[in-house]
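These are my notebook entries on what I looked up, kept in the order in which I went through it.

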Amino acid sequence: MSGSDPIHVVGGGLAGSEAAWQIAEAGLPVVLHEMRPLRGTEAHQTQNLAELVCSNSFRSDDAELNAVGLLHQEMRRLGSLIMRSGDAHQVPAGGALAVDREGFSHAVTVALEAHPNVTIAREEIDGLPPASWDSVIVATGPLTAPGLAEGIRGLTGAESLAFFDAIAPIVHRDSIDMGKAWFQSRYDKAGPGGTGADYINCPLDREQYAAFITALIEGEKTSFKEWEASTPYFDGCLPIEVMAERGPETLRHGPMKPFGLTNPHNPTVKAYAIVQLRQDNALGTLYNMVGFQTKLRHAEQVRIFRTIPGLENAEFARLGGLHRNTYLDSPRLLDATLRLRAAPRLRFAGQITGCEGYVESAAIGLMAGRFAAAERQGRTLEPLPVTTALGALIGHITGGHVSAEEAGTPRSFQPMNVNFGLFPPLDRAPKAPDGKRLRGTEKAQAKKRAMTDRARADLGAWLGEEPAPLPAEAAE
């Protein structure tokens, strides 16, 4: 390998864009291959890099008590383009980091187009990359071209697994009846760029909720092709009607939970269920229906969703949809630096590795880019501490469930959002200042804070940073 040969990144989504940025920032040439607009997909609508095709939320930005918020913080420390662009184009979303989707993807595209080490090739790689490409990151996401997917299967001798991902509708703000709906974040919690009143809330009473559940279950759905019929859903992105089929109260304790909200139009009456809508663009003209990904036919969506109080005259900028997602059996196929064991010149990043979520996909792209850059420069990049969010996520992808499978138990590797369950346990349980054992919520929050403190310290050590000085009282 020559240091002047470019590293190739296939796929211009969040993972591929982040990988290309990290390589370029390391001072190396990189070619980013993106098939749009030459070939479109069922989900994308523009030719921008890092286009958000589902929600516009990067989820919680709380780096103390939430694992994805910690992941945000770690990516910022590592110079993430995705996080930089997200922060620059945030829209109000309570305690979450949500972005103006068009402004965000435009910013990522402009940054990569302007970088002197980046070449963007608008072309489809329909098959395995040429053998002359000695370092390649495949970040084709859940919509991998069939030829490339077949090439990967031929190399690995294993079938990739697949699941469906559903898209939530987007509503024009001025078509929502604010005489019935109101602005409020759950428990009035303010997040980045927010005020604590960032969601539009539409209340349902018991009878309205029951009728809504019946309509969801009985509504006409998108029919599946034969090869799609047995493809499982990922639990983190279930269509709303599938959740409804699991029991009449499922949605009341999921995306339609009424807790932490008070209707100012009728403050003495608690809603039985609530539909929330979150701002989708910087102008505040579009709002997406939170958790309302669906496979209902378009006409059925309009009919059923207009029965929700406040949405009787809703105009939809986009209706929900359904597309097929594909991911690898990564613990068997990838090594600790995300290389394909059967062909080490190939690395994988993003959703195709079996992570789930925008931020997780970008995070794996970030590390794939760093691994590839270090290899090209003849450096050894030490593994991330598994106590960090980045390290825990890579540990799940590259090592999760292998021992169980070797023991003869059924395969259980599934797409996963980052969560504290992926982190190693603490050496000792946190205690109250007086030394007594904590219980309940206090215990859970103390445990999460201890995990995030440990993660920050361990990432700092991995980066070679000087440890923060102890407070005077702790040093004595």
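I began with helix H11, residues 389–399, and found it mostly covered, since nine of its 11 residues are buried. The buried ones are Ala-389, Leu-390, Gly-391, Ala-392, Leu-393, Ile-394, His-396, Ile-397 and Thr-398. I then looked up what lies over these buried residues of H11, and the cover includes helix H2 (67–77), helix H9 (330–333) and H10.

Before going further I checked how far the coordinates can be trusted, as this is a predicted model. The protein chain has a mean pLDDT of 87, and 87% of its residues reach 70 or more. Over residues 402–411, however, the pLDDT is below 50, although I note that this stretch has 11 contacts in the model beyond near neighbours in sequence. A second such stretch is residues 470–476, where pLDDT stays under 50 and the model has one contact beyond four places in sequence. I leave the details of such stretches alone, because predicted coordinates should not be read in detail where pLDDT is low.

Next I followed H10, residues 358–376, to its packing with H1: the two helices meet at an angle of about 35°, with their axes 7 Å apart. The crossing of H1 and H10 is right-handed. On the H1 side I listed Leu-14, Ala-15, Glu-18, Ala-19, Gln-22 and Ile-23, and on the H10 side Tyr-358, Ser-361, Ala-362, Gly-365, Leu-366, Gly-369, Arg-370 and Ala-373. Sorted by class, this contact of H1 with H10 has eight nonpolar, four polar and two charged residues.

I then turned to the "binding site" annotation, which comes from an unreviewed UniProt entry and covers Gly-11, Gly-12, Gly-13, Leu-14, Ala-15 and Gly-16. Where does Gly-12 lie? I found Gly-12 in the loop between strand E1 (7–10) and helix H1 (14–25). Gly-12 counts as buried because its relative accessible area is 1%, under the cut-off of 20%. Leaving aside neighbours within four places in sequence, I recorded Gly-12 in contact with Ser-17, Leu-32, His-33, Glu-34, Arg-36, Leu-49 and Ala-50.

Leu-14, also covered by the annotation, has its place in helix H1. Leu-14 is buried as well, with a relative accessible area of 8%. With neighbours within four places in sequence again set aside, the contacts of Leu-14 are Ala-50, Glu-51, Leu-52, Phe-58, Ile-82, Phe-104, Tyr-358 and Ala-362. I closed by noting that Tyr-358 and Ala-362 are also among the H10 residues that make the contact with H1.

Methods
Residues are numbered from 1 along each chain as its sequence is written. This is a predicted model: local features need pLDDT of at least 70, side-chain atom pairs count only at pLDDT 80 or more; totals for chains, interfaces and linings use all residues. Side-chain values use heavy atoms; hydrogens and water are left out. pLDDT is the predictor's confidence in each residue, from 0 to 100. Contact means heavy atoms within 4.5 Å. UniProt positions are given in the numbering used here, feature names are shortened, and annotations may be inferred rather than shown by experiment. Helices (H or I, at least four residues) and strands (E, at least two) are DSSP runs, numbered from the N terminus. Buried means under 20% relative accessible area, exposed over 50%, partly exposed in between (1.4 Å probe, protein chains only). Axes are lines fitted to C-alpha atoms, for helices over the stretch in contact, and angles run from 0 to 180 degrees between N-to-C directions. A crossing is left-handed if the near helix is turned anticlockwise from the far one by less than a right angle, and right-handed if clockwise. Ala, Val, Leu, Ile, Met, Phe, Trp, Tyr, Cys and Pro count as nonpolar, Asp, Glu, Lys and Arg as charged, and the others, Gly among them, as polar.
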